[in-house]
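Biologist: Please choose one part of this model and take me through it closely, then work outward to whatever surrounds it. I would like every cut-off stated where the term is used.

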Amino acid sequence: TRPLMTGNVAIWMLFLPILRASCRSSSVFHSKSLLKLNTKLSRGLRQQTPASSSPARKRYTRQQVYSSAAALSKPRFPSLIVFDLDNTLWTPELYQLRRFQRGNTIPVAHRDVKLFPAIHSILQSIRDDVDKKGKSSLFANTKFAVASRTSSIEWAHDLLQQFQLYDFFDYIEIFPADKKQHFANLKSKSGIEYHDMLFFDDARDGKYGNCEPVSDLGVLAVHCPNGIYEQNIWNRALHVYSDWYKEKPAATIIEWDGTVNTRQRKALYPSARYSGTIQMINREKKFGFIRYGDRSTKDLFFHFSSLPVGVFLEIGDEVSFSVTHDNRKGKDAASEVALKKMNDVDGDTVDMKVFSMNLPFAALLANGYKTLETRNGTMFTPYKEGTKMLLHVGQRIYPDGDRHVDVMRSGGLDDDEILELKSLPHGYGKGMAVAIVEIGKTYATTLEERCDPEFQRRVAAFGEDSGVRATEIRRVEYLEKGVRISGRGGVFKASVDKSIIPSGWLD
């Protein structure tokens, strides 16, 4: 509505090719928009540049062009852009490379695992956008992160190094758990709100879905089932984010075909009581999520302040709760959370705490060789000495390159003895609870302590491979028979037949 300043017109003329390139890849902008823009620019030039005059040309750096154009159009860029790894950044998924586990080798980047073609151009364009001072013109306030739930943790870290991407990412969260936990960590470490994040993932919904649960947090999710195989996926997501940010509706997903879907959640009534199961807990931040209802309902946030005094919740606990609406955040949350007693009518079952480990370490613990379990997280910290838990065997083999064998050999064991200790008896296997364990104290360790030969033998791992928190294993005994249980991250609960518990453990 007001004449453009000559300087700004010059900036727009320089910026116009960039806009044209962006518009060609966008399904929202059309040729009419470009025509109007050209008309306004021409009109602005005619109004401010007399035909008889020849104004001196002013040279603009690329940084000035971008910053001035951004000031006029005010596009909104995410503060944090998060990528999944398997089938999003690269292919194939790491669990498909079992042959490397059997051969105790590590996948090689660009040969066994390859980045999607568009990833090369996207990352290169971001790097090219960095000026000589180390500041990015378009992404000056944007950080980048990885959020992966792969169990092949060491492989994932190693491949990021091989692809020379490790230093590109500001935050890296790789561990097998509900991806809400990854984003809770990212929010805590970065201080960035969920609505300031953009997330790319190939898994949308269902048991292994990530887009839906993460979008419920308020993150804008991009579903890319075939990975980021073309540049348009990236361009479209950035454009949609800028428009979506005006209202920031939760539970929004950019679908694979470019449509934007904001799910309507079922109405919850404050006067009603609901039942659900504890799905995730962050004890350090004192909050968690409750899973309830059917697949159309999403996990509900709760804070520890909504719990009765003295109540200690664990993953898998059944609870009842009411619902309140946080007008400031525009979200529902669970309130008046109460622990429900699980049915034990006939007295033949018992509720047990369970934790999961992969082979060979699960067998080493069950066979009594491994007497220390180390973790970087705080999984065992809340539990007092003497707590009894079931040991569950995961579905995969932990890929440590047989370094545990070197540790065991250093203790004087021969190969036959090692093979026996890392094997489970007949009838006990993956996906089963196989033993009952009594834990001792949990304590923090230093690298020097972890490198002590005796400590390494008790953990069955070298010091640099061990977690910083050690938990003592006081005693362990095989169950009367293996029992199939669905594994989860952290410590969870399961109801099992009392007859499988060895004598003396329930006294």
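Modeller: The residue to begin with is R236, which is found in helix 9 (residues 231–244); helices (H or I, at least four residues) and strands (E, at least two) are DSSP runs numbered from the N terminus. Residues are numbered from 1 along each chain as its sequence is written, and the model is a predicted one, in which local features need pLDDT of at least 70, side-chain atom pairs count only at pLDDT 80 or more, and totals for chains, interfaces and linings use all residues. Side-chain values use heavy atoms, with hydrogens and water left out.

R236 is buried yet has no salt bridge, and the nearest side chain of opposite charge, that of E230, is 5.2 Å away. Buried here means under 20% relative accessible area, exposed means over 50%, and partly exposed lies in between (1.4 Å probe, protein chains only). A salt bridge is a side-chain nitrogen of Lys or Arg within 4 Å of a carboxyl oxygen of Asp or Glu; Lys and Arg count as positive and Asp and Glu as negative, while His and the chain ends are not counted. Leaving aside neighbours within four places in sequence, R236 is in contact (heavy atoms within 4.5 Å) with W256, D257 and G258.

The helix that carries R236 has 14 residues and reaches 20 Å from its first C-alpha to its last, close to the 20 Å expected at 1.5 Å a residue, where the expected span is 1.5 Å times one less than the number of residues. R236 shares its burial with other residues of helix 9, including I233, W234, A237, L238, V240 and Y241.

Helix 9 also leads to the hydrophobic interior. The largest nonpolar core has 45 residues, and those with the most contacts inside it are W90, F169, F200 and W234; such a core is a set of buried Ala, Val, Leu, Ile, Met, Phe, Trp, Tyr and Cys residues joined through side-chain atoms within 4.5 Å. The elements that each supply at least two residues of this core include strand 1 (80–83), helix 5 (117–128), strand 6 (197–201) and helix 9, and the largest share, seven residues, comes from helix 9. F200, not counting residues up to four places away in sequence, touches I233, W234 and A237, and its other partners include I81, V82, F83 and V222. Apart from this core lies another, of 31 residues, among them F361, Y383, V393 and I418.

For a second helix to set beside helix 9, consider helix 11 (residues 403–410), whose buried residues are H404, V405, V407 and M408. Seen down the axis of helix 11, these fall within an arc of 160°, so they line one face of the helix; the arc is that of the directions from the helix axis to the C-beta atoms. What covers them includes helix 10 (361–366), helix 12 (415–421) and helix 14 (453–459), and helix 11 is followed by G412, whose phi is positive, near 100°. In the loop between strand 17 (388–397) and helix 11 sits G401, partly exposed with a relative accessible area of 47%; G401 and T105 are 296 residues apart in sequence but 6.7 Å apart in space, C-alpha to C-alpha.

Finally, the peptide bond from L359 to P360 is cis, with omega near 5°, and P360 lies in the loop between strand 15 (349–359) and helix 10.
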